[in-house]
Structures are given as structure tokens and as C-alpha cells.
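Me: Zoom in on the pocket linings for me, please. I'd like the cut-offs spelled out as you go.

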Amino acid sequence: ELLERIAPENLRNWGKYVPIALEMKRLEERILQGTYPYLLEGDKGIGKTLMIHTLAKKLGYALVEIRCNDSIKERHLFGAPQIDESGSYFMAGKLTHAYKALPIYKKVMVHFDDLGALSLEMQVAILSMCDARQSIDVNGIEMTVPDGCQLFTVATTNPASYGAINPIQEALRSRFIGEILPYPKQEGMKKFMSWKDIPIGTVQEPLLTVASNTHDLRIKNDVDYVISPRDIEQFIS
């Protein structure tokens with residue numbers, strides 16, 4: 001059932017990503033060239049996840065999304081033996097499903113959403129997946145990428161200024177290339193949001209200014225929360 005759900009044709013459209021500059025073009029080039037795992041670092045609510053989802057569907061990739069947090073264990077990523085009234089069996093984890101999907105769909109993308117939230121133990125566990133080996137160990141068996149198939153790993157994380165409790169450890173970060181996505185400028189947010197019926201002088205301009213100021217203040221640790229493009233979009237709605 002999960003293998004069917006991650007199929008390119010079954011990825012639902014839940015939004016339209018509007019590029020601010022060339023960030024979407026750069027990520028698409030990396031995916032098509034199948035190079036190193038790619039890390040997108042940027043503020044919350046700027047569309048990192050939507051951009052990845054959009055490109056997976058556009059380029060025909062099955063997509064396995066892993067919403068990282070410090071409670072994710074080995075069984076969630078790789079799997080674990082289970083026992084029920086019928087006997088014992090192995091319950092596959094999400095990464096195992098990704099590798100099982102490769103012979104079916106030929107192209108699979110794994111997205112680690114908020115990679116820094118993974119525990120140190122789990123970050124170490126995916127090291128071999130993120131280097132030239134592109135392999136994982138599941139129940140004592142090494143799973144690799146079959147010939148003629150492509151596995152692309154992409155991860156997102158919030159800026160270092162957010163003060164993450166579990167930052168991405170050095171050995172894992174060194175396996176990624178990528179970019180830091182800037183906080184959208186006012187002109188950019190005017191471009192991809194529907195401001196119909198929102199007064200420009202009394203609401204739109206002041207709101208965008210306040211949002212930009214919270215971002216600058218967050219970098220200086222003067223405030224705890226950045227008004228994100230997502231917040232503004234919700235306000236407009």
C-alpha cells in the first residue's frame with residue numbers, strides 16, 4: 001500500500017511553488033544529474049517542502065517523505081521484527097520501502113524533512129546512504145541501488161540562527177552539497193501571494209516590513225519567532 005502511495009502518479013497536488021529566483025532550477029539540475037545528496041537550509045514557511053514535492057511529481061520520481069524528530073528510531077527508518085497471531089514477520093521501515101521501490105519506479109527521491117531533528121544515532125545510521133555507497137543495512141542485509149535505477153536524497157533544515165537542539169552532525173553534513181535559501185524579499189512575497197482586496201498602504205506594505213524586521217531580529221536573537229511567508233499567506237486567506 002505504501003509503495004503504491006509514493007508512486008509519481010499518486011503524488012497529490014497540494015500547492016503551486018512559485019520560484020523566487022533560480023533555486024528551483026538549481027535543484028532540478030542536481031536531481032537530473034543525480035549528484036550528491038542536497039541540503040536546503042532556509043526559514044520555515046518559505047516553501048522548501050513544496051518545491052521538493054513539485055519537482056518529484058514533475059520529474060516522475062516516487063517520493064518517500066520522512067518527517068524527522070528525535071523520537072524516530074531504527075524501526076521507523078529500517079524496520080523491525082514483529083510477532084502476531086500468524087507468527088513472526090519483518091515490518092519494513094520507510095527507507096526500506098524506498099529501496100524496494102527502486103526496481104518498480106526506477107527513480108526514487110527520499111526527503112528528510114528537518115534533518116537536524118534526527119537523533120545523533122539515526123544521523124549516523126544513514127551515513128552510508130548519503131555517500132557513494134548509497135546503501136543501508138536492513139536486518140543484516142545490505143540494500144543497494146540496482147543498476148539502471150536512481151536514488152536521490154534531499155534534506156531540509158532551518159537556519160542555524162534557530163538554535164536547533166540537535167544540529168546536523170559534521171560527518172553527515174559533509175556528505176551533502178546544497179544551498180542556503182534567503183528569506184524572500186518584499187517584492188518576492190508580492191509576486192507569489194494573492195493580495196486581492198488587501199489595502200497596500202495600510203496593510204500590505206506594513207505587514208511585509210514587519211515580517212522582514214522579525215527575520216533580521218531573529219538572526220540577532222532579539223526575538224524568538226520569525227513571521228514567515230506561510231504566516232502571511234494564512235493572514236491573507
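Reply: In this predicted model, 23 residues line the largest pocket, and those nearest its centre are Gly45, Ile46, Gly47, Lys48 and Arg230. (A pocket is an open set of points on a 1 Å grid over the protein atoms alone, where a 1.4 Å probe fits and protein lies on both sides within 12 Å along at least five of seven lines; lining residues have an atom within 4 Å of a point.) Helix H3 (48-59), strand E8 (150-157) and helix H10 (229-236) each give two or more residues to that lining; these are DSSP runs, at least four residues for a helix (H or I) and at least two for a strand (E). The space inside comes to about 560 Å³, taken as what probe spheres set on the points fill. Chemically, the lining splits into nine nonpolar, seven polar and seven charged residues, with Gly counted as polar.

Now for the second largest pocket, at about 440 Å³. Its lining has 15 residues, and Leu11, His53, Leu63, Glu65 and Arg67 sit nearest the centre. Here the elements giving two or more residues are helix H1 (2-5), H3 and strand E2 (62-67), so H3 is on the list for both pockets by that DSSP assignment. E2 is the top contributor, with four residues. By class, you get six nonpolar, three polar and six charged residues in this lining.

Numbering starts from 1 along each chain as its sequence is written. Local features need pLDDT of at least 70 and side-chain atom pairs 80 or more, while totals for chains, interfaces and linings use all residues, and side-chain values use heavy atoms, leaving out hydrogens and water.
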